[in-house]
Amino acid sequence: ATVQPSHRRWYPYGKVACHIIGYLGEVSQAEVRGRNGSRSLESDLTDYLPGDLIGRSGIERLCEKILRGKRGYRCLRRTGEVIEEIPPIAGKNVHLTIDIELQREISDLLDRPGVIILLDVPTNEVLAMVSSPEFDLNKFQHLYIDLITDHARLPLLNRAVAARYPPGSTVKPIIALAGLSEGVITAETQFYCKGYLHNPNAFRCWIWKYHTGHGWLDVVGGLEHSCNVFFYNVGERLGISREVKWFTKFGFADKPGTKLPEERPGVLPDLRRRYSIGQSRHLAIGQGKIVITPMHVVNAIAAIARGGVLMSPVLVRELANRQKHINLGISPDAIRLVKEGMYKVINSPSGTAYKYAHVDDIEICGKTGTAQTPPRRIRIDSDDDGQPDRWGPIVCSGDTAWLVGFAPYRNPKIAFVIMVEYSDTGGGPCCGPIAQRLIRICKDFGYLQ
């Protein structure tokens, strides 16, 4: 037996922030460079050699070049005398904006597949980003087969930036800003909700399940009650092209901006096609041809919280110099109206989240969402060629439940999103109690001061 020096990663927090940190894997043949007979000492010091590990996901992959060091070497005579020795150069450290203790506390709030993200409003640093379910990075190799074959829970998926969902009513604050900015509505504009738009068989408001309507509502009331009829009217006046324009302004067509390799851009309607008025109505309530990540949603709400300035989220401090700042050119009056509506969502007794998310001593602004979502099915490889060729049985079904917001109302410090997959209840009852605990934790950690 021989003893050889080696190294391995050890993760003191186990599963906490596992999707952010990412995991390593052995280099493939394609990644081993300089193996074509032209070996040199210099290439052996810098290239990957068989058996080396490389970042496969998360920060491990994003910062591979920073984290990876350089081999040292020693030249010996046949007698064993050392002629020359160059010590190895260690890789550099990277520093995340994540508060790991806050992340650990928040991880316990989700007991089913979903996401919680916290942003610092002034800097747009990511304070916490939880994707559930998590996995223990120290046991990753041992659990790998179980992780990749769990088609119902998809534990390796970073839902915060790589999974796209219909946003539902969480986009209504943006549609309100679009309507006010484009001049299709004003602060005084009112629409009448009788529980449906024109007839009870189509374009219903969520309240129609009680066989009633909201009555006359202005933009603040439309947000407070999350009235679909109000926003059907705004969407109809805006039209698809202006809706897409404003979703694009808020970053939905791009990747969310954390720079994690798993990031995916949102999907919006292709304006080269023709769309009906009905499709523009559906888009105004976050349904139809739109899917975006939870990071898209919370980043947009953070922009509203800071008065209409869109900033890319910062996750790695060493990359903060690449952060974008875009003034969206929204009037202070429009921002004020939307913030007031979001305040009433949680603090007015008739708000959609008051019963579930109201906290007596903290003024929270929020917006609920309940989005109809296609069920998740298993993909079947019927001919064993390694490529799934048809859909199998349904493994998950239900709605996507959302609650997004910021706090405190008058001096926003944090923005948050809570998303739960395949819920059998709406955004308020599903995500509201989680939001209450989340805000309490943020206060205890000093983030609301």
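Which residues do ring pairs link into a cluster? In this predicted model, the cluster consists of Y23, F135, F140 and Y144. The structure as a whole holds 11 aromatic pairs. Within the cluster, the ring centres of F135 and F140 are separated by 5.8 Å and their planes meet at 40°, so this pair is classed as tilted. Both F135 and F140 are buried. A further pair is formed by F191 and F230, whose ring centres lie 5.2 Å apart with the planes at 70°, so the arrangement is edge-to-face. Because F191 belongs to strand 7 (residues 191-193) and F230 to helix 9 (residues 228-249), this pair ties together parts that are 39 residues apart in sequence. F191 and F230 are likewise buried.

Charged side chains were examined next. Side chains of opposite charge can pair when their charged atoms come close. In total, 18 salt bridges were counted. One of them joins E101 to R104, with 2.7 Å between the closest N and O atoms. These two residues are both located in helix 5, three residues apart, or about one turn of the helix. E101 is partly exposed, having a relative accessible area of 33%, and R104 is also partly exposed, at 37%.

Other salt bridges connect distant parts of the chain. The side chains of E236 and R281 meet at an N to O distance of 3.0 Å; E236 is in helix 9 and R281 in helix 10 (residues 277-284), 45 residues apart. In this pair, E236 is partly exposed with a relative accessible area of 34%, whereas R281 is buried at 11%. R376 and E421 also form a salt bridge, their closest N and O atoms being 3.2 Å apart. This contact links strand 14, which contains R376, to strand 17 (residues 414-423), which contains E421, across 45 residues. R376 has a relative accessibility of 13% and counts as buried; E421 is buried as well, with a relative accessible area of 6%. In addition, D52, R68 and R71 are joined into one network by salt bridges that share partners.

On the surface, a patch of negative charge is made up of D383, D384, D385 and D389. Of these residues, D385 is placed in the loop between strand 14 (376-380) and strand 15 (390-396), and its relative accessibility of 47% makes it partly exposed.

A contact between distant positions in the sequence involves V94, in the loop between strand 4 (82-86) and helix 5 (100-107). V94 is buried, with a relative accessible area of 17%. The C-alpha atoms of V94 and E318 are 6.5 Å apart in space, although the residues are separated by 224 residues in sequence.

Methods. Residues numbered from 1 in each chain as written. Predicted model: local features only at pLDDT ≥ 70, side-chain atom pairs only at ≥ 80, totals over all residues. Heavy atoms only, no water. Patch = residues over 30% accessible without salt bridge, like charges linked within 9 Å, V, L, I, M, F, W, Y side chains within 5 Å. Areas by Shrake-Rupley, 256 points an atom, 1.4 Å probe, with all protein chains shown as cover. Salt bridge = Lys/Arg side-chain N within 4 Å of Asp/Glu carboxyl O. Lys, Arg positive; Asp, Glu negative; His and termini not counted. Charge placed at Lys NZ, Arg CZ, Asp CG, Glu CD. Helix = DSSP H or I, 4+ residues; strand = E, 2+ residues; numbered from the N terminus. Buried < 20%, exposed > 50% of the residue type's maximum accessible area, 1.4 Å probe, protein only. Phe/Tyr/Trp six-rings, centres within 6.5 Å; stacked < 30°, edge-to-face > 60°.
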